[in-house]
Amino acid sequence: QLQLVESGGALVQPGGSLRLSCEASGGTLEDYAIGWFRQAPGKEREGISCITDGGLSDGVPRSNYDDSVKGRFTISRDNTKNTVYLQMNNLKPEDSGVYYCAASGYWRHQEDCGPIAFEYDYWGQGTQVTVSS
């Protein structure tokens with residue numbers, strides 16, 4: 001069974017940067033679209049970004065972002081390391097929360113991906129990101 005482990009969360013000041021990692025074991029990450037989700041206290045889990053498993057005709061994975069993070073966050077994958085990353089720049093207090101990565105069988109071999117949590121099958125335990133002065 002696929003297992004995912006997030007790392008890289010920390011306490012940072014507004015305007016700072018973090019890079020989160022999502023490393024997979026028990027399966028091949030390139031077989032799945034991967035999403036990053038955030039859950040703030042008292043809030044529902046929110047889709048932040050996703051990346052396809054490379055199903056586009058040009059071989060380049062498609063990446064999607066919530067409007068709240070466009071221009072600040074970048075998702076990428078390194079299939080040789082079985083890892084997906086989320087680079088987060090210019091962090092804001094409202095970016096705080098537990099960040100989860102998840103693998104989707106629903107979006108497997110598709111040319112797009114989406115932010116709906118129930119379309120993702122395997123989840124990590126999360127990593128805490130706190131943005132505060």
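**Exercise 1. In this predicted model, trace the disulfide that joins Cys-22 to Cys-101, and work out its handedness and its surroundings.**

Step 1. The bond joins Cys-22 to Cys-101, with an S to S distance of 2.0 Å, which falls within the 2.5 Å that the assignment of a disulfide requires.

Step 2. Next, place the two cysteines along the chain: Cys-22 lies in strand 3 (residues 18-25) and Cys-101 in strand 9, so that the pair links distant parts of the chain, 79 residues apart.

Step 3. The torsion about the S-S bond of Cys-22 and Cys-101 is about 70 degrees, and the disulfide is therefore right-handed.

Step 4. Finally, consider accessibility, for which the limit of the buried class is under 20% relative accessible area. Cys-22 has 0% relative accessibility and therefore counts as buried, and Cys-101, also at 0%, counts as buried.

**Exercise 2. Find the partner of Cys-50, and then describe the pairing pattern of the bonded cysteines in sequence order.**

Step 1. Cys-50 forms a disulfide with Cys-113, and their sulfur atoms are 2.1 Å apart. This pair, too, links distant parts of the chain, since Cys-50 belongs to strand 5 (residues 46-51) while Cys-113 sits in the loop between strand 9 and strand 10 (122-123), 63 residues apart.

Step 2. Because the torsion about the S-S bond of Cys-50 and Cys-113 is about 90 degrees, this disulfide is right-handed. Both Cys-50 and Cys-113 are buried.

Step 3. The structure holds two disulfides, and when the bonded cysteines of the protein chain are numbered in sequence order, the pairing reads 1-3, 2-4.

**Exercise 3. Reconstruct the open sheet that four strands form, and locate Ser-21 in strand 3.**

Step 1. The four strands follow the order 1-3-8-7, with antiparallel pairing. Strand 1 (3-7) and strand 7 (73-78) stand at the edges, and because each has a single partner strand, one side of each is left without a neighbour in the sheet. From one strand to the next, the twist averages 15 degrees.

Step 2. Strand 1 and strand 3 are paired in the antiparallel sense over five bridges, and within strand 3 it is Cys-22 that stands opposite Glu-6. The cysteine opposite Glu-6 is thus a member of the disulfide with Cys-101, if the reader follows the bond out of strand 3 and into strand 9.

Step 3. Ser-21 also has its place in strand 3, and at 16% relative accessibility it counts as buried. Apart from its neighbours within four places in sequence, Ser-21 is in contact with Val-5, Glu-6, Ser-7, Trp-36, Thr-83, Val-84 and Tyr-85.

**Exercise 4. Determine which strands join strand 11 by bridges, in the parallel or the antiparallel sense, and assign the residues of strand 11 to its two faces.**

Step 1. Strand 2 (residues 11-12) runs parallel to strand 11 and is joined to it by two bridges, in which Val-131 of strand 11 is the bridge partner of Val-12.

Step 2. Strand 9 (residues 97-104) pairs with strand 11 in the antiparallel sense over three bridges, and here Val-98 stands opposite Gln-128.

Step 3. Strand 11 (residues 127-131) has a covered face made up of Thr-127, Val-129 and Val-131, and an uncovered face made up of Gln-128 and Thr-130. Val-131, the bridge partner of Val-12, therefore belongs to the covered face, whereas Gln-128 belongs to the uncovered one.

Methods. Residues are numbered from 1 along each chain as its sequence is written. This is a predicted model: local features need pLDDT of at least 70, side-chain atom pairs count only at pLDDT 80 or more; totals for chains, interfaces and linings use all residues. Side-chain values use heavy atoms; hydrogens and water are left out. Buried means under 20% relative accessible area, exposed over 50%, partly exposed in between (1.4 Å probe, protein chains only). Two strands pair if DSSP finds at least two bridges between them. Axes are lines fitted to C-alpha atoms, for helices over the stretch in contact, and angles run from 0 to 180 degrees between N-to-C directions. Contact means heavy atoms within 4.5 Å.
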